[in-house]
Amino acid sequence: MNVATNYSGRLVDVEGLQTVAAPTGMVQVYFTATTGQRIVSGIQKLIQRYAIIYLSNKDSYYDPVLGTDFMMKVVNGLIQTRENVAVAFAFANDDVLRILRVDDVDPKYGTLPDDEKVDKVTLEDYNVDLATGTLFLRLKIATKAGDSAEFLLPATAPRS
Amino acid sequence: MVELTDITQDAFTAAEDTIIELLRSKYPALDLRKGTVLRETLVKPYAQLFAADTERLAELTATYSIDQLSDTSDPEAVDRLLSNFLVTRRAGTKSYGPVSIRLQYNQDYTFPTTLIFRTVDGLEFSPVNSVTVYSTTNVTADKKLVAVNGEAYYLAVIDVQAAETGVKYKLVQGTMLDCPTGLVGFIMAEAYTDFSGGLETETSAQLLARLPVDISNRSFDSPYSIEARFRDREPSIEAVSVAGMANPEQLRDKHYIVAVGSRVDVFVKSFHTLPVMMLRKTAVCTATGVHQFDIGINDVPGYVTIRSISVVTEDNSITIGSLAFDEVRTADLTGVSHDFDISQSYIETDYSRWQKSTVTVYGAAVQKVGSTVELQVEVSYAPMIDSLQSYVDDASVGSCQFDVVVRAPLVCHTSIRLVAYQSALLDPLSTSDMATTVMEHVNSIGFGTTLDKSQVVSALTSHYELKRIDVSDNAANGMVLTGWIRAAGGTVVNLSGAELNIYRVTNTDIMLSPRTCVFNAAKQDIDITVVRE
């Protein structure tokens with residue numbers, strides 16, 4: 001994915017996802033504590049926000065509306081078929097987009113450029129790694145500026 | 001102490017908003033929207049701590065503000081704050097009262113303080129002091145057993161005190177007790193009269209309610225300060241009412257052409273339920289079927305009314321019921337420096353500790369003039385009137401400016417009759433418990449109020465599941481409130497109707513007004529019928 005390198009005049013966040021070089025195909029993202037912490041902006045920041053909210057459970061402590069039910073469904077074994085994945089994604093995506101769009105226009109957070117505002121997110125495909133019990137969602141995120149990027153979102157169910 | 005788990009969502013959200021605003025004002029380039037790493041790792045954790053600190057600060061601020069204290073405040077915090085004003089929470093008190101014990105044998109009985117009497121609920125009482133009650137054959141003893149006509153037992157009446165503090169130990173007349181520690185010849189025991197005392201430890205709400213009185217100066221120049229002075233002396237006082245300069249009930253400052261100040265009459269409700277004292281009096285026959293005796297000023301200081309008079313027979317038994325009697329109250333003002341005008345009547349000395357009575361009894365016995373008969377006299381009284389008067393008369397305590405006289409309150413002796421309706425699907429209610437509930441409500445009313453049907457309904461419906469209570473004036477099933485008051489000078493005033501309103505019968509010439517009068521009900525005067533439908 002493209003990583004914005006020009007932070008001038010932009011709102012920045014701390015990097016939480018693996019940073020990669022400019023595009024050579026699809027890359028799985030995961031959260032990691034990197035040495036030499038970096039700030040991010042642009043579409044990477046947007047992907048970061050999307051991923052954090054998507055993978056957070058609703059009713060978590062002190063913010064009952066932040067997050068989705070997706071991880072809960074994965075952990076509880078409620079996703080058994082392709083249709084289950086699509087439906088669960090649809091509900092979760094709707095929740096995330098709503099949360100992002102509310103904050104995108106909230107003036108107390110400052111002004112966001114269009115390349116950091118989400119337009120839509122689609123589920124391109126998914127696959128399952130039975131060995132690790134991980135469901136990988138291949139998502140494509142598009143911004144208001146017309147940029148887009150694909151990324152893999154892992155959702156891991158605990159194995160007994 | 002506020003913990004993180006005590007923080008509400010609203011408090012957290014407010015804290016978050018504050019932190020976001022503060023951070024962005026200093027670092028406008030930070031993106032703190034939901035989902036950002038900064039929001040999750042910086043703002044949220046700090047918002048939790050910030051919210052907790054805000055709550056702790058509010059709690060700390062409340063402990064320094066009397067206005068913000070409430071019944072839910074930490075009791076220790078309330079105590080600490082109010083100790084700055086020399087106000088302390090009243091500890092609970094133990095209930096006390098007389099117990100009538102039925103005994104099989106006519107012999108001397110010693111009741112040690114280790115003896116225990118216990119109710120079916122497990123409430124325990126013990127004699128206040130070790131006391132010996134002698135057999136009826138002991139001619140010199142003051143305290144003797146009483147034989148009851150036609151019964152094969154003897155009665156002893158001794159004073160007992162509850163094992164612990166609290167209002168639940170306040171027994172009503174007739175409450176049965178057993179004696180688990182064993183007593184030779186013991187048959188049964190019961191509360192002879194309603195018990196007194198028995199207070200719970202004061203709640204924070206009660207403590208705050210009396211704060212204006214307690215932080216007032218301790219003097220005799222205002223109702224608050226007088227009440228504070230008296231409550232310091234006797235914490236169990238229930239209510240205090242003052243008639244001073246310009247109050248129409250104050251008769252003692254109207255002896256001159258113009259009213260003068262400095263006369264203060266303090267009416268003290270020193271009881272919750274009007275207690276009763278038993279006197280033994282030797283009455284002298286003054287005419288056929290007529291006997292007389294005196295109640296001296298030290299017999300029952302502050303007595304309110306004579307409830308009954310009965311004859312004690314040769315075998316030291318008493319008959320049930322009361323003889324007819326008249327009472328004329330006067331006063332013994334020997335050595336008294338207070339200003340009383342008794343030239344026309346003894347109204348001004350009524351209910352003070354100097355009142356005395358000459359009682360004329362009819363039908364006690366047929367005797368020659370000059371013969372005597374032993375009588376048992378039941379007298380209701382307000383405790384501590386004499387001790388409080390001694391207190392204000394103490395040279396080192398008493399006011400140098402004010403002439404303070406302590407009086408027992410006038411009492412509206414109240415009777416209530418009602419019919420309540422309960423669903424037949426529910427367990428039957430105890431009319432005895434309901435009568436106690438109504439009695440407690442009536443006896444909790446202080447000076448200056450009325451008693452009406454709605455109060456009785458409210459007292460019952462807040463404790464019991466009732467369909468309805470007939471509050472109509474229907475002669476058969478309607479609620480009936482009646483009361484009678486012996487005003488100063490002996491005038492008896494009767495009240496009845498939908499409300500017992502002291503205002504309507506106010507007559508300050510006989511010291512009858514809401515300022516001087518309280519309500520009292522005995523359990524046997526509350527008649528409740530429950531209809532299950």
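In this predicted model, Lys120(A) sits across from Ala142(A), a residue of β4(A). The two strands around that pair, β3(A) and β4 (residues 134-143) of chain A, run antiparallel and are stitched together by 10 bridges. Zooming out, they belong to an open sheet of 3 strands in chain A, ordered β3-β4-β5 and paired antiparallel. The edges go to β3 (118-129) and β5 (148-156) of chain A; each has a single partner strand, so one side of each lacks a neighbour in the sheet. On average, neighbouring strands here are turned by 25 degrees against each other, ignoring direction.

Helices come into play on this sheet as well. Helix α1 (residues 42-55) of chain A packs on it and touches β3, β4 and β5 of chain A, with its direction at about 25 degrees to that of β5(A). Helix α3 (residues 82-104) of chain A lies across β3 and β4 of chain A and runs at about 150 degrees to β3(A). A salt bridge joins Asp104(A) and Arg49(A), whose closest N and O atoms are 3.0 Å apart. That pair ties together distant parts of the chain, since Asp104(A) belongs to helix α3 of chain A and Arg49(A) to helix α1 of chain A, 55 residues apart. Over all chains, the search of the whole structure turns up 30 salt bridges.

Now for the interface. Contact between the chains involves 24 residues of chain B and 26 residues of chain A. Between them, the two chains bury about 2,100 Å², with 55% of it on carbon and sulfur atoms. Three residues stand out on the chain B side: Arg33(B), Lys34(B) and Val37(B) account for 35% of the area that chain B buries against chain A, more than any other three residues.

On the polar side of things, the rule picks out 2 salt bridges across the interface of chain B and chain A. One of them is between the side chains of Asp17(B) and Lys108(A), at 3.0 Å from N to O. Also found across this interface are 10 residue pairs in polar contact, with both partners at pLDDT 80 or more. As for secondary structure, α1 (9-26) and α2 (37-63) of chain B each bring at least two residues to the side of chain B that touches chain A. The top contributor to that side is α2(B), with 6 residues. By residue class, the side of chain B that touches chain A splits into 10 nonpolar, 6 polar and 8 charged.

Chain B has sheets of its own. An open one has 6 strands with antiparallel pairing, in the order β15-β19-β13-β14-β18-β17 (chain B). Its edge strands are β15 (303-311) and β17 (324-331) of chain B, each pairing on one side only. From one strand to the next, the twist averages 30 degrees. Within this sheet, β14 (residues 290-295) and β18 (residues 355-362) of chain B pair antiparallel over 6 bridges. There, His291(B) has Val361(B) in β18(B) as its bridge partner.

Further along chain B, strands β24 (residues 480-486) and β25 (residues 492-497) also pair in the antiparallel sense, over 6 bridges. Trp484(B) is matched with Asn494(B) in β25(B). The hairpin of β24(B) and β25(B) has 5 residues between the strands, and Gly489(B) in this hairpin takes a positive phi near 95 degrees.

Notes:
Residues are numbered from 1 along each chain as its sequence is written. Chains are lettered from A and ligands numbered from 1 in the order in which they are written. This is a predicted model: local features need pLDDT of at least 70, side-chain atom pairs count only at pLDDT 80 or more; totals for chains, interfaces and linings use all residues. Side-chain values use heavy atoms; hydrogens and water are left out. Two strands pair if DSSP finds at least two bridges between them. Helices (H or I, at least four residues) and strands (E, at least two) are DSSP runs, numbered from the N terminus. Axes are lines fitted to C-alpha atoms, for helices over the stretch in contact, and angles run from 0 to 180 degrees between N-to-C directions. Contact means heavy atoms within 4.5 Å. Buried area is the accessible area (1.4 Å probe) that two parts lose on being put together, summed over both. A salt bridge is a side-chain nitrogen of Lys or Arg within 4 Å of a carboxyl oxygen of Asp or Glu. A polar contact is a pair of N or O atoms within 3.5 Å; within protein, one must be able to donate a hydrogen and the other to accept it, and residues adjacent in sequence count only if both atoms are side-chain atoms. Ala, Val, Leu, Ile, Met, Phe, Trp, Tyr, Cys and Pro count as nonpolar, Asp, Glu, Lys and Arg as charged, and the others, Gly among them, as polar.
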